[in-house]
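The exercises below are to be worked with the sequence and the model open side by side. Each task is followed by a solution in steps.

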Amino acid sequence: MSNLLIVESPAKAKTIKKYLGPGYEVVASMGHVRDLPANKLNVDIRHDFKPNYEIIKGKEDLVKELVALAKKNKKVFLATDPDREGEAISWHLAYILNLAPGEKNRVTFNEITKSGVTKGMEEPRAIDLDLVNAQQARRVLDRIVGYKLSPFLSGKIRKGLSAGRVQSVALRIIVDRENEIRAFVPVEYWTIDAKFAAKGVKKTFLASLYADKNGKLEIKNEKQAKQILKDLENAVYTVVSTKKGTKKRSPAPPFITSTLQQDASRKLGFQAKRTMKVAQELYEGVEVEGQGAVGLITYMRTDSLRISDDAADAAKKYIESTWGEKYLPPKRRVFKTKANAQDGHEAIRPTMPELSPAKVKGSLSTDQFKLYKLIWERFVASQMADCLMNTTRVEIEANGYIFKASGFTVAFNGFTALYQESKDEEEEKAKELPVLEKGTVLNMKELLDAQHFTQPPARYTEASLIKALEENGIGRPSTYAATISTITGREYVKRESKALIPTELGEVVTKLMKERFSDIVDIKFTAKMESDLDTVESGKEEWTQILSDFYGGFNENLKKAKEEMKNVKIRLKEDETDLVCDKCGRKMVVKVSRYGKFIACSGYPECKNIVRNVNKDGEVEPKAEPEESDVICEKCGRNMVIKTGRYGKFLACPGYPECKNIKGIDVTVGVPCPKCGGDIVERKTKRGRTFYGCSNYPKCDFISNDRPMEEKCPKCGKNLFKKNGKKKKIYCMTENCGYEELEEQ
């Protein structure tokens with residue numbers, strides 16, 4: 001008998017199997033196997049918020065398979081991801097597989113490498129119930145907020161709306177910024193720059209007017225600017241002070257989840273969801289030429305800046321061999337993790353720093369290579385020497401006015417030879433000043449005056465929103481991608497270039513939430529909830545008590561809002577149209593159903609007039625004339641036309657409603673029928689499922705759910721069929737042939 005190890009994904013299973021060898025069977029649970037069903041709340045609020053978990057629909061066969069494997073193997077190990085979510089998955093698996101409580105069957109891997117897997121297997125432990133309860137508290141809390149508030153919003157504003165504990169605060173932050181921008185009043189100001197040349201030097205440099213004899217100068221209008229220009233006519237420009245110095249720049253620390261999402265957004269243009277998907281692939285393992293399946297990075301959900309001694313030593317060795325000893329810092333760099341961090345895992349780093357991006361490029365997809373390069377460069381640079389710059393600062397006097405110029409040159413590039421941290425704001429570009437001595441008279445080439453206006457704060461981008469959420473303690477880095485996807489997917493926020501802009505719908509939802517559920521969208525209250533969840537994880541508080549403390553006030557607010565807004569319906573301006581109902585004369589409005597937008601009479605339900613041919617902006621489009629086919633209607637003799645329904649295209653008689661004849665459109669797949677040699681065609685059931693049948697039906701009754709292939713059977717020469725399912729296989733349908741093979745993944 002062997003041991004059974006359960007992880008979440010097939011890719012992770014494949015990589016770990018390589019390191020464990022024949023004594024272990026490694027299988028994937030494909031994520032969660034048990035959860036709160038989506039059909040209703042499924043939380044018993046009256047009995048200590050007891051959750052009603054069920055096997056996730058569609059995973060029944062997988063669970064049966066896992067139970068059977070657990071029975072036939074000597075011992076079961078649970079190796080799901082090393083975080084709250086992973087701990088909860090292991091807990092659910094232990095329940096389903098009837099594993100003994102307290103049994104040391106939980107193993108975690110910070111990195112999927114031989115050493116990482118070996119170390120994890122040497123230190124099995126019992127499932128951490130504090131971690132599980134923290135996840136349960138979050139899951140139940142989010143379920144209560146979502147399932148109680150979403151129907152209220154849908155009833156008052158528009159069907160299909162949702163509310164969430166973290167998404168509502170993220171939306172509020174974006175809406176508040178938009179209101180700041182609208183309320184911003186620009187203030188005029190002017191600048192005066194001078195272009196100078198030193199004697200014997202062709203290259204000019206710029207200096208900015210900084211002060212006058214009374215101190216720092218603010219130029220508020222054109223009149224003041226013109227007076228200064230007049231005062232400077234025929235002036236002599238003399239260097240009155242020069243100051244030289246050195247400036248040191250230290251590298252940024254290795255990535256944590258939030259900084260990885262921010263830098264991938266700024267440098268690669270990746271949305272947070274895309275970043276986390278690719279990072280998961282790099283963590284779980286990819287096939288690297290000459291190495292096999294390798295986990296290239298450590299676990300990507302972390303808030304710690306800690307790195308192992310082995311990783312630091314490997315980076316040091318690589319830096320020394322590539323750039324030389326002078327690119328190493330005097331002593332190993334140690335970065336301080338924030339006080340409120342969980343510090344459960346190392347920072348995000350390459351598992352093998354010696355595997356440079358160039359070495360693995362041929363084994364990675366484009367996205368994988370870009371992200372691995374970013375992670376690898378940031379980590380290696382974090383262990384490199386400082387960048388040293390020689391700085392120069394010059395003050396120039398003319399008729400009582402002081403101009404200032406500063407510049408720097410790089411004396412030693414240090415870590416910048418490899419990587420520079422990106423910022424939301426543009427960094428000052430390096431400029432070099434000529435050698436200037438005190439008392440030097442300069443040749444002023446040109447005076448440049450310019451009008452400016454103060455600018456409003458910038459709209460949030462994904463990067464700056466993630467930074468704001470992290471700084472305010474809202475949510476956890478692992479939730480940011482899902483939060484942003486939700487508020488954009490629900491059309492609360494739209495993207496313009498990289499900017500996140502609230503829609504009218506988003507602003508109306510936020511206004512209602514601020515008025516009726518101020519706690520839910522309060523930044524400090526939400527941050528406190530996150531802190532409370534951390535106390536559950538540390539075992540200091542019962543998870544049910546946190547839910548109880550929250551639910552009392554929340555439920556009272558909900559009851560009050562329902563009562564006071566009983567007959568209130570909020571109408572959005574974006575839902576209004578210029579169309580008039582041709583049945584009752586009322587205004588037509590845009591509505592949303594599960595199938596998309598449509599226009600309906602505002603007098604519903606008295607008037608039920610609707611218009612379906614609406615584009616994505618809610619505008620009525622003329623109905624396209626149906627395409628005529630060469631198929632003759634056998635009932636009335638007309639040429640049938642091609643129409644589109646919810647299940648795709650079909651043929652219909654243009655004589656409707658007098659003639660209601662319809663039929664499906666046969667799509668030939670280019671493979672002969674194994675029974676009669678006719679064409680096999682693709683068809684759909686009433687429920688929209690695809691199947692394959694003979695075009696000679698009903699004379700030939702051949703039918704199959706499996707897709708015919710052009711590839712021939714190597715045994716009998718007939719066409720093969722492809723069967724989809726958990727184990728995809730290719731097989732021959734010919735009687736007595738028996739050929740089959742599993743499809744390569």
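**Exercise 1. A salt bridge at Arg 349**

Task: Find which residue forms a salt bridge with Arg 349, and decide whether each partner is buried or exposed.

Solution. This is a predicted model, so side-chain atom pairs count only at pLDDT 80 or more.
- Step 1: Arg 349 pairs with Glu 346, and the closest N and O atoms are 2.7 Å apart.
- Step 2: A salt bridge needs a side-chain nitrogen of Lys or Arg within 4 Å of a carboxyl oxygen of Asp or Glu.
- Step 3: Buried means under 20% relative accessible area. Arg 349, at 3%, is buried. Glu 346, at 8%, is buried as well.

**Exercise 2. A salt bridge across the sequence**

Task: Locate Asp 534 and Arg 476 and state which parts of the chain their salt bridge ties together.

Solution.
- Step 1: The two side chains meet with 2.5 Å from N to O.
- Step 2: Asp 534 belongs to helix α16 (residues 523-537), while Arg 476 sits in the loop between α13 (462-471) and α14 (477-489), so the pair connects parts 58 residues apart in sequence.
- Step 3: The relative accessible area of Asp 534 is 19%, which makes this residue buried. Arg 476 has 16% and is also buried.

**Exercise 3. A network of charges**

Task: Which residues are linked with Lys 12 in a network of salt bridges?

Solution.
- Step 1: Begin with the pair of Lys 12 and Glu 8, whose closest N and O atoms are 3.2 Å apart.
- Step 2: Lys 12 has 0% relative accessibility and is buried; Glu 8 has 10% and is buried.
- Step 3: The network links Glu 8, Lys 12, Asp 81 and Arg 301.
- Step 4: Across the structure there are 40 salt bridges.

**Exercise 4. Two open sheets**

Task: Give the strand order of the sheet that contains β1 and of the sheet that contains β29, and name the edge strands.

Solution.
- Step 1: The open sheet with β1 has three strands in the order β2-β1-β7, and their pairing is parallel.
- Step 2: β2 (24-28) and β7 (75-78) each have a single partner strand, so they stand at the edges with one side lacking a neighbour in the sheet.
- Step 3: From one strand to the next, the twist averages 20 degrees.
- Step 4: β1 (residues 3-7) is joined to β7 by four bridges. Ile 6 has Leu 78 of β7 as its bridge partner.
- Step 5: Helix α2 (residues 60-72) packs on this sheet and touches β1, β2 and β7; its direction makes about 165 degrees with that of β2.
- Step 6: The open sheet with β29 has four strands in the order β27-β28-β29-β30, with antiparallel pairing. Its edges are β27 (667-672) and β30 (703-704), each with a single partner strand.
- Step 7: Two bridges pair β29 (residues 690-694) with β30, and Tyr 692 stands opposite Ser 704 of β30.

**Exercise 5. Helix α6**

Task: Check the span of α6 (residues 167-183) against its number of residues, then find what its buried residues pack against.

Solution.
- Step 1: The expected span is 1.5 Å times one less than the number of residues. For the 17 residues of α6 this gives 24 Å, and the end C-alpha atoms are 24 Å apart, so the two agree.
- Step 2: Twelve of the 17 residues are buried, so α6 counts as mostly covered. Among them are Val 169, Leu 171, Ile 174 and Arg 177.
- Step 3: The buried residues pack against α13, α14, β17 (493-496), β18 (499-502), α15 (504-516) and α16.

**Exercise 6. Aromatic pairs**

Task: Of the pairs Tyr 318 with Trp 323 and Phe 550 with Phe 554, which is stacked and which is edge-to-face?

Solution.
- Step 1: The whole structure holds 19 aromatic pairs.
- Step 2: Tyr 318 and Trp 323 have ring centres 6.2 Å apart and planes at 70 degrees, so this pair is edge-to-face.
- Step 3: Phe 550 and Phe 554 are stacked, with 5.2 Å centre to centre and 20 degrees between the planes.
- Step 4: Phe 550 and Phe 554 are four residues apart in helix α17 (residues 543-564), about one helical turn.
- Step 5: Tyr 318 is buried at 18%, whereas Trp 323 is partly exposed at 25%. Phe 550 is buried at 7%, and Phe 554 is buried at 4%.
- Step 6: Phe 550 and Phe 554 belong to a cluster of ring pairs that also includes Phe 49, Phe 152, Phe 517, Phe 525 and Tyr 551.

Definitions and conventions
Residues are numbered from 1 along each chain as its sequence is written. Side-chain values use heavy atoms; hydrogens and water are left out. Two strands pair if DSSP finds at least two bridges between them. Axes are lines fitted to C-alpha atoms, for helices over the stretch in contact, and angles run from 0 to 180 degrees between N-to-C directions. Contact means heavy atoms within 4.5 Å. Buried means under 20% relative accessible area, exposed over 50%, partly exposed in between (1.4 Å probe, protein chains only). Rings of Phe, Tyr and Trp (its six-membered ring) pair if their centres lie within 6.5 Å; planes under 30 degrees apart count as stacked, over 60 as edge-to-face and the rest as tilted.
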